[in-house]
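Before this model goes into any further calculation, I would like to set down what I read from its coordinates, point by point. Please check each remark against the structure shown here.

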Amino acid sequence: MKVFSLLLLGLLATPIHSSYCPTSFHSINGVYDPSGPILIDDTWHVFPDTFENHWAHFTSKDLLHWEKQTEIPDPLLANGDTGSISVTPGGLFAHYPNLQAPFGINLQTPTDTTPTDLNNWSNSTSTFADPKSIGLGIGFRDPHRAIKLPDDNWYMGVGTGYGGANPETQLPTSGTGCLAWMRATDESLSELTFQGCLLENNVTSGHINPGTLEYVEESEDVAFFECPDVFPLGDDKSFVAVASFYNWDSAKSLNEYFVGSFVTGADNQYKFEANYRAPLDYGQYYAARTGSNANIALGGIQKFDDRRVLFSATGWHNPPGFDVSCNGGSQIHLIPRDIDVDRVTGGLTFDPVFEIESIRVGGKSTFGSTTSGDKVIATGSSLQLKLTCDLSSTSSLPTTGVAGFRVLGSVSDASEYTYTSVGYDFSTKKMFVDHTKTSKTTPSTIVQLSKAGTTIVEGVDEKLTIHVLVDSALIELFGNSRTAISSFASELMGEDDDPADRVNLVVAPEGLECEFETHVLAL
């Protein structure tokens, strides 16, 4: 959720080569935060927020080919914003924050002949009003899908804060962030009562620089939660909390996750005890929400072994030179990601949904190996690239060199050769997207890096896998499924060559045995 005037931040007037934007296999754009992702029967639904006071509605069978349904008009989302779709034995429900007094949370139910179509909705009713009266900020944010806990009650987390400027404004610059824990009186989810802050936070673990989209390891004060999500995940029966943090003074932000468990205090109220915390992405990534099976036959119970898919958009800030008009006037929804709990680190793992393999173009794949240097392995700008290096082939981990790719390389002579370098740097132990050689006409100093000390490679008994999606100038980089960087190489938007001619090279340290594969992608 954001105030719409923020759309203007980070935009510069730069000529655009139409082939570099919009993207070719990222099919949702021109909208923003993903509300209510959910799988019903064999169809995924997602309801991105729009600038026209309602949710859009997209459906897909494979998380890649999205079909826009009839836009959901008022009254759904009247005076509201990002929210969720919940399922209980009582039915299906949409919840979202009311952005006008008395604020709080609104509820609507589907009125379709087939309720699971989710195209027509009832008039809104209030489930919780006037947060200011109990000391919470009026800027209630983005209720997540209701979850049933062992005490047989249904709960829903809502982003807010308390103290400082929280009670007086929807955009507080001081105070303490609160993941407000709301208990439903029954399975109709029509009345919610505040149970306390499930999780509190007033500082980020680093931040994204709004001018360059680079991750900076300096923490930033924040006063509230946005887009919270709480859900069960993994064989070890962990719970995960997701939240977006934003500083309204500096426009610095970070989308983070916490892995932990529920505990109860002396007052018998639930608290979230985190034992792992990290960014979801070190680049253009904000307002992430997860989706899973509606489990209607089970009364909407969310299970630890449900497939859990992470949805997100590129966020409210764009890199220098990016013209937002090229992607419909707002954000691009990134390829959804399968997530799980990493048994080694205790954090999360991230991978593009496995359905990505279904859009590989037949006869347009290559496979090979390399032990040094770099070589051209594919042309074009609609690609899936993978590099897997056998670290056991050396007695110890390399201390220099990089493993990865040079993507979107020019076909000019060597003195004019440009490219964007992505991968893992063994000397710094960081993932990176290096823009400094992306364009001759638009020089850049931007190098997007992951956090120092983040575990990407545990040791020589592990392999290193670099996974990259390239779609026009949009790049999504994954390192050993543990770290992700989403990046738009906006420097290319002033280029006048054909993206189909761009060359892509594999890069590996001397002596390291690596195998690569490339696949052309198309919807």
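The numbered points below take up confidence, cysteines, nonpolar cores, sheets and a few single residues.

1. The model is a predicted one, and its confidence should be considered before anything else. The mean pLDDT of the chain is 89, with 93% of the residues reaching 70 or more. Residues 1-18 are a stretch to treat with care, since their pLDDT is below 50, although the model still gives this stretch 57 contacts beyond near neighbours in sequence. Where pLDDT is low, predicted coordinates should not be read in detail.

2. The structure holds 2 disulfides, and one of them joins Cys 178 to Cys 197 with an S to S distance of 2.1 Å. Cys 178 belongs to strand β12 (residues 176-184) and Cys 197 to strand β13 (residues 192-201), so the bond ties together parts that lie 19 residues apart in sequence. The link is left-handed, with -110° about the S-S bond, and both Cys 178 and Cys 197 are buried.

3. A disulfide is also formed by Cys 389 and Cys 514, whose sulfur atoms are 2.1 Å apart. Here the torsion about the S-S bond is about 105°, and the disulfide is therefore right-handed. The pair links distant parts of the chain, as Cys 389 sits in strand β27 (residues 382-390) and Cys 514 in strand β36 (residues 513-521), 125 residues apart. With a relative accessible area of 0%, Cys 389 is buried, and Cys 514, at 2% relative accessibility, counts as buried as well.

4. Why is Cys 227 too far from the closest cysteine sulfur for a bond? The closest cysteine sulfur is that of Cys 178, and because the sulfur of Cys 227 lies 16 Å from it, a bond is out of reach; the cut-off for a disulfide is 2.5 Å between the sulfur atoms. Cys 227 is nevertheless buried, its relative accessible area being 0%.

5. The largest nonpolar core has 65 residues, and Leu 348, Phe 405 and Leu 464 are those with the most contacts inside it. Leaving aside neighbours within four places in sequence, Leu 464 is in contact with ten residues' worth of surroundings that include Leu 387, Cys 389, Ala 403, Tyr 424, Phe 426 and Ile 456. A second, separate core of 19 residues includes Phe 25, Ile 28, Leu 63 and Leu 469.

6. An open sheet of 4 strands runs in the order β10-β11-β12-β13, with antiparallel pairing. At its edges stand β10 (147-148) and β13, each with a single partner strand, so that one side of each is left without a neighbour in the sheet. Strand β11 (residues 154-162) is joined to β12 by 8 bridges, the two running antiparallel, and Gly 157 stands opposite Trp 181 in β12.

7. An open sheet of 6 strands, also with antiparallel pairing, has the order β26-β35-β28-β29-β30-β31. Its edges are β26 (374-379) and β31 (447-449), and because each has a single partner strand, one side of each is left without a neighbour in the sheet. Neighbouring strands are turned against each other by 15° on average, with direction ignored. Within this arrangement, strand β29 (residues 420-425) and strand β30 (residues 430-434) pair in the antiparallel sense over 5 bridges, and the bridge partner of Ser 421 in β30 is Asp 434.

8. Is Leu 449, which lies in strand β31, buried or partly exposed? At 28% relative accessibility, Leu 449 counts as partly exposed. Not counting residues up to four places away in sequence, Leu 449 touches Tyr 215, Tyr 282, Lys 430, Met 431, Phe 432 and Ile 485. Gly 423 is 26 residues from Leu 449 in sequence, and their C-alpha atoms are 9.9 Å apart in space.

9. Strand β24 (residues 348-352) is largely enclosed by the rest of the structure, because 4 of its 5 residues are buried. Strand β23 (residues 337-341) is joined to β24 by 5 bridges, and the two run antiparallel, with Asp 340 standing opposite Thr 349 in β24. The hairpin of β23 and β24 has 6 residues between the strands, and in it Gly 346 takes a positive phi near 85°.

Conventions
Residues numbered from 1 in each chain as written. Predicted model: local features only at pLDDT ≥ 70, side-chain atom pairs only at ≥ 80, totals over all residues. Heavy atoms only, no water. Buried < 20%, exposed > 50% of the residue type's maximum accessible area, 1.4 Å probe, protein only. Core = buried A, V, L, I, M, F, W, Y, C linked by side-chain atoms within 4.5 Å. Contact = heavy atoms within 4.5 Å. Pairing = 2+ DSSP bridges. Axes fitted to C-alpha atoms, helices over the stretch in contact; angles between N-to-C directions. pLDDT = per-residue confidence, 0-100.
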